[in-house]
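Me: I am new to this structure and would like a close look at one part of it. Could you walk me through how the helices in that part pack, and then set them beside the rest of the chain?

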Amino acid sequence: MAGGLLSADTSATAPDSSDAEPAIRLRGLRKTFGSVVAVNDLDLDIADGEFFAMLGPSGSGKTTVLRMIAGFETPTAGTIVLGGVDATRLPPFRRDVNTVFQDYALFPHMSVEQNVGYGLRVHRVPKAERLKRVGQALEMVQLTGLGARQPHQLSGGQRQRVALARALVNRPRVLLLDEPLGALDLKLREQMQLELKAIQREVGITFVFVTHDQDEALTLCDRLAVFRDGRIEQLGSAQQVYQSPATPFVAEFVGTSNLVRGEAAQALLGHGGTCSIRPERIRVLRQGSPTAANDVVVQARVREVVYAGAETRIVVDAAHGLTLAAVVLNSAEPAVDVHRGDPVVLCWDRAAVSVIEP
């Protein structure tokens, strides 16, 4: 660390350096559709029992990677190893994985119990064992007593739980989740995030979760990969990726970030590259307020104040031609009372700055 600045962690290593076989190992994975390269020479290990998120905008390649792991797409090049078994050319039904989709894909003419037990029936599991395992799966997703209902009699959250129970009842080694909460309203989505995390912890199998929602990925995962243009832009824990973004794209896509570049970075931070400061690390003070010895201090004028319940977002025009955003918790004491046009001082600790590009 130089000058109190944090260098971004760009490593893409697996979470455990032991010799344990990962649940998923991808090497040189590539997928093209005509002249379009959807996935470009991807290497990735996902550990056994890990909750792993693939995060990125539409068209970044994350869903294509998931579909190749599931067997719904055939790689143009590269290998897919699942639990030590080369599954690159195996059909989906011969892979020890199950998939949960955003649209649930439930059979409308079957009851909840029949939907959940369908895969067991296909595999000729005896009826007594099938009913036992279906009951256990429904209990796990808090749907005990609803086995006789039809899908149309359930709420969106309940249908999502049925899809999850159906995927888990076969006890796969890996569960793939393709934007499974995308059709739910915000409150139910947040509730299901907590339930998903609890279920994964209980069953202990590998979850691979595809989403474009940054908050969702940060909330759920042990590690995440940020995708862009068919490649992994950064790989690490949620905390690593958020606090030390490796590239400007990651800094702006995962949460919100203030990027300070070139002459402004040199003048403020003594560093001429590109730096990132998260809005919640910035303090907004009235002029003349005391600051700490290690603070970066910037004179500014308020451009916009946006009240958002638990927090207030303040956008300012600052020195050196910068536009900066700060987020202030409304529970903070003393409360910040600023308005458009007010002169203010922004300050942040130098340790809150991540160096992205030297």
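What follows is a walk through one group of helices, and then a visit to a sheet and a few single residues.

Reply: Happy to. Please keep in mind that this is a predicted model, and that the values below are computed from it.

A little orientation helps. The protein chain has nine helices and 19 strands. Of its 358 residues, 49% count as buried. The C-alpha trace spans about 75 × 45 × 40 Å along its principal axes. If you take the contacts between residues at least 6 apart in sequence, 65% of them join residues at least 24 apart.

Let us begin with helix α2, which covers residues 112-122. Which residues of α2 are buried? They are V112, N115, V116, G117, G119 and L120. A general point about helices is useful here: an α-helix has 3.6 residues a turn, so residues three or four places apart point the same way. As you turn the model, you can look for V112 and V116 among the buried residues of α2. The buried residues of α2 pack against two helices, α3 (127-140) and α4. Just after α2 comes R124, which has a positive phi near 55°.

Take α3 as the first of these partners. Two packed helices are described by the angle between their axes and the distance between the axes. For α2 and α3, the axes come within 9 Å and cross at roughly 125°. That angle makes α2 oblique to α3, and the crossing is right-handed. On the α2 side, the contact is made by V112, E113, V116, G117, L120 and R121. Facing them from α3 are R130, L131, R133, V134, A137 and L138. Sorted by class, the residues of this contact are seven nonpolar, one polar and four charged. Notice that V112, V116, G117 and L120 are named in this contact and also appear in the list of buried α2 residues.

Now turn to α4, the other helix that the buried residues of α2 pack against. Helix α4 covers residues 156-168, and R166 is found in it. Is R166 buried or exposed? R166 is buried, because its relative accessible area is 17% and the cut-off for buried is under 20%. Beyond its neighbours within four places in sequence, R166 is in contact with N98, Y104, A105, L106, F107, N115 and V116. Two of those names should be familiar, since N115 and V116 are among the buried residues of α2. R166 is therefore a buried residue of its helix, and its contacts include N115 and V116.

Helix α4 also meets helix α5, which covers residues 186-203. Their axes come within 11 Å and cross at roughly 20°, and α4 and α5 are therefore roughly parallel to each other. The crossing of α4 and α5 is right-handed. From α4, the residues that take part are G156, G157, Q160, R161, L164 and L168. From α5, they are L188, Q191, M192, E195, L196, I199 and V203. By class, this contact has seven nonpolar, four polar and two charged residues.

With the helices in view, look at a sheet elsewhere in the chain. It is an open sheet of four strands in the order β3-β2-β5-β6, with antiparallel pairing. The edges are β3 and β6 (85-86); each has a single partner strand, so one side of each is left without a neighbour in the sheet. Strand β2 (residues 24-33) is joined to β5 (residues 77-82) by five bridges, and one pair to find is L26 with its bridge partner I80 in β5. Seven bridges join β2 to β3, where T32 has V37 as its bridge partner. Two residues sit between the strands in the hairpin of β2 and β3, and G34 there takes a positive phi near 65°. Helix α1 (residues 62-70) lies across β2, β3 and β5, running at about 115° to β2.

Finally, two residues have an unusual detail to look for. D41, in strand β3, has a positive phi of about 50° although it is not a glycine. D41 counts as partly exposed, at 43% relative accessibility. D229 also has a positive phi, near 50°, and is not a glycine. D229 lies in the loop between β10 (223-228) and β11 (231-237), and counts as exposed at 58% relative accessibility.

Definitions and conventions
Residues are numbered from 1 along each chain as its sequence is written. This is a predicted model: local features need pLDDT of at least 70, side-chain atom pairs count only at pLDDT 80 or more; totals for chains, interfaces and linings use all residues. Side-chain values use heavy atoms; hydrogens and water are left out. Buried means under 20% relative accessible area, exposed over 50%, partly exposed in between (1.4 Å probe, protein chains only). Contact means heavy atoms within 4.5 Å. Two strands pair if DSSP finds at least two bridges between them. Axes are lines fitted to C-alpha atoms, for helices over the stretch in contact, and angles run from 0 to 180 degrees between N-to-C directions. Angles under 35 degrees count as roughly parallel, over 145 as roughly antiparallel, 65 to 115 as roughly perpendicular and the rest as oblique. A crossing is left-handed if the near helix is turned anticlockwise from the far one by less than a right angle, and right-handed if clockwise. Ala, Val, Leu, Ile, Met, Phe, Trp, Tyr, Cys and Pro count as nonpolar, Asp, Glu, Lys and Arg as charged, and the others, Gly among them, as polar.
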